[in-house]
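Visitor: I would like to go through this model with you, one feature at a time. Please give the cut-offs as the terms come up.

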Amino acid sequence: MSKKWLNWQTTILRPVSYEGLGLHTGKLSCVTMLPASQDTGVCFERCDLSEPQIVPATVANIGGSLRATDLECNGVSVRTVEHIMAAISWSGIDNIIVRLEGEELPLGDGSAFTYVRLLEEAGLRDLSARRRSVKVECPVWTTRGDSHLIALPYEGTRVTFLFLRKGSHLEPEYSSSEYLDIEVTPEVFREEIAPARTIGFQWELETIQEQGLALGATLEQAAIVGKDGYIGMTRFPNEACRHKALDLLGDIAILGQVLGHFIGIGSGHSMNHELVRLISRDLEIKRGV
Ligand SMILES: [Zn+2]
């Protein structure tokens, strides 16, 4: 971790913009990231509405979890925030306004790398307030069937993930699995996690689109998992597992900069949200809220 952003809160130096289709809505939206003052945190702003609405990235505003993380505030939602949240957090940015013309963040290249590159363009600036990191103080976990997600105290951030690649409904047994155990630093995030693209399961593509999801995705923006392995090119042999780590880091980033060891076994967004709520509850108990 670069020493530069260990102690002081940061923001970006200059605004940057990007336009593209949303993963689930398939609609064009434009995102502009702007510098923000200390203690602002990450604040989304819907400016396509008749009156602009602020949607801060906070635990209380976590909304939907259907294959993505949505934030909601006063009936206004911002959809699919997890990739930009991971990019903001691991680019070392504490305070930023994310202005959005549209409901859903653009998918970019399907990973977080589009946003990492944009934030590199934006530059980083120290602010004069101390950074407050969040520490996992005691083990917390959540379990659903054969999926598990655990957070342990750790002096750093580490992700261990087991991605269970399930067969089609005709062959429901696990055909294979992928594993990742990684100590996350900004450099590791940029090179090893951020470029991993969204996962698509070949046998689910039609059903998902019938449900009105994934309307904006192309095959280039996703690692497509088929019955016997990946279909098409992959960026990593375990790209799906790395993307699950990316989604997890993006969801945890709603808490801010978090130190802990996160162990996921077949878990996804809704379990990530549950874990984030549990960590947040522990912090509130500790603070006496
Ligand atoms: Zn994702």
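Visitor: How are the donor residues of the zinc ion spaced in sequence?
Guide: This is a predicted model, in which local features need pLDDT of at least 70, side-chain atom pairs count only at pLDDT 80 or more, and totals for chains, interfaces and linings use all residues. Residues are numbered from 1 along each chain as its sequence is written, and side-chain values use heavy atoms, with hydrogens and water left out. Donors are N, O and S atoms within 2.8 Å of the metal (3.2 Å for Na, K and Ca), and sites may look incomplete, as water is not among the atoms. On that basis the spacing of the zinc donor residues is H-x159-H-x3-D.

Visitor: Which protein atoms are the donors of the zinc ion?
Guide: Two histidines and an aspartate supply them, lying 2.1 Å from the ion. The donors are His83 (NE2), His243 (NE2) and Asp247 (OD).

Visitor: Which helices hold histidine 83 and histidine 243?
Guide: Helices here are DSSP runs of H or I with at least four residues, strands are runs of E with at least two, and both are numbered from the N terminus. The two histidines are 160 residues apart in sequence, so the pair ties together distant parts of the numbering. Histidine 83 lies in H1 (residues 82–90), and histidine 243 lies in H5 (residues 239–252).

Visitor: Are histidine 83 and histidine 243 buried or exposed?
Guide: Buried means under 20% relative accessible area, exposed means over 50%, and partly exposed is in between (1.4 Å probe, protein chains only). By this scale both histidine 83 and histidine 243 are buried.

Visitor: How many disulfides does a search of the whole structure find?
Guide: A disulfide is a pair of cysteine sulfur atoms within 2.5 Å. For cysteine 73, the nearest cysteine sulfur is that of cysteine 43, 9.1 Å away. Cysteine 73 is buried at 16% relative accessibility, and cysteine 241 is buried at 0%. The number of disulfides found is zero.

Visitor: How many salt bridges does the structure hold?
Guide: A salt bridge needs a side-chain nitrogen of Lys or Arg within 4 Å of a carboxyl oxygen of Asp or Glu. Glu120, Arg190 and Glu191 are linked in a network of such bridges. The structure holds 14.

Visitor: Which strands are tied together by the salt bridge of arginine 99 and glutamate 45?
Guide: The side chains meet at 3.1 Å, N to O. Arginine 99 is partly exposed at 32% relative accessible area, whereas glutamate 45 is buried at 12%. The residues are 54 apart in sequence, so the bridge ties together E8 (residues 96–101) and E4 (residues 42–46).

Visitor: What is the relative accessible area of glutamate 239?
Guide: Glutamate 239 forms a salt bridge with arginine 197, with the closest N and O atoms 2.8 Å apart. Arginine 197 lies in the loop between helix H3 (186–193) and strand E15 (198–201), and glutamate 239 lies in H5, so the pair ties together parts that are 42 residues apart in sequence. Arginine 197 is buried at 6%. Glutamate 239 is also buried, and its value is 0%.

Visitor: Which strands stand at the edges of the five-stranded open sheet?
Guide: Two strands pair if DSSP finds at least two bridges between them. The pairing in this sheet is mixed, and the strand order is E2-E3-E8-E4-E5. Each edge strand has a single partner, so one side of each is left without a neighbour in the sheet. These edges are E2 (16–21) and E5 (53–56).

Visitor: Which residue in E8 stands opposite proline 35?
Guide: Strand E3 (residues 28–35) pairs with E8 in the antiparallel sense over six bridges. Opposite proline 35 stands isoleucine 96.

Visitor: What angle does the direction of helix H2 make with that of E2?
Guide: Axes are lines fitted to C-alpha atoms, for helices over the stretch in contact, and angles between N-to-C directions run from 0 to 180 degrees. Contact means heavy atoms within 4.5 Å. H1 lies across E3, E4 and E8, at about 140° to E4. Helix H2 (residues 113–122) packs on the sheet, touching E2, E3 and E8, and its angle to E2 is about 160°.
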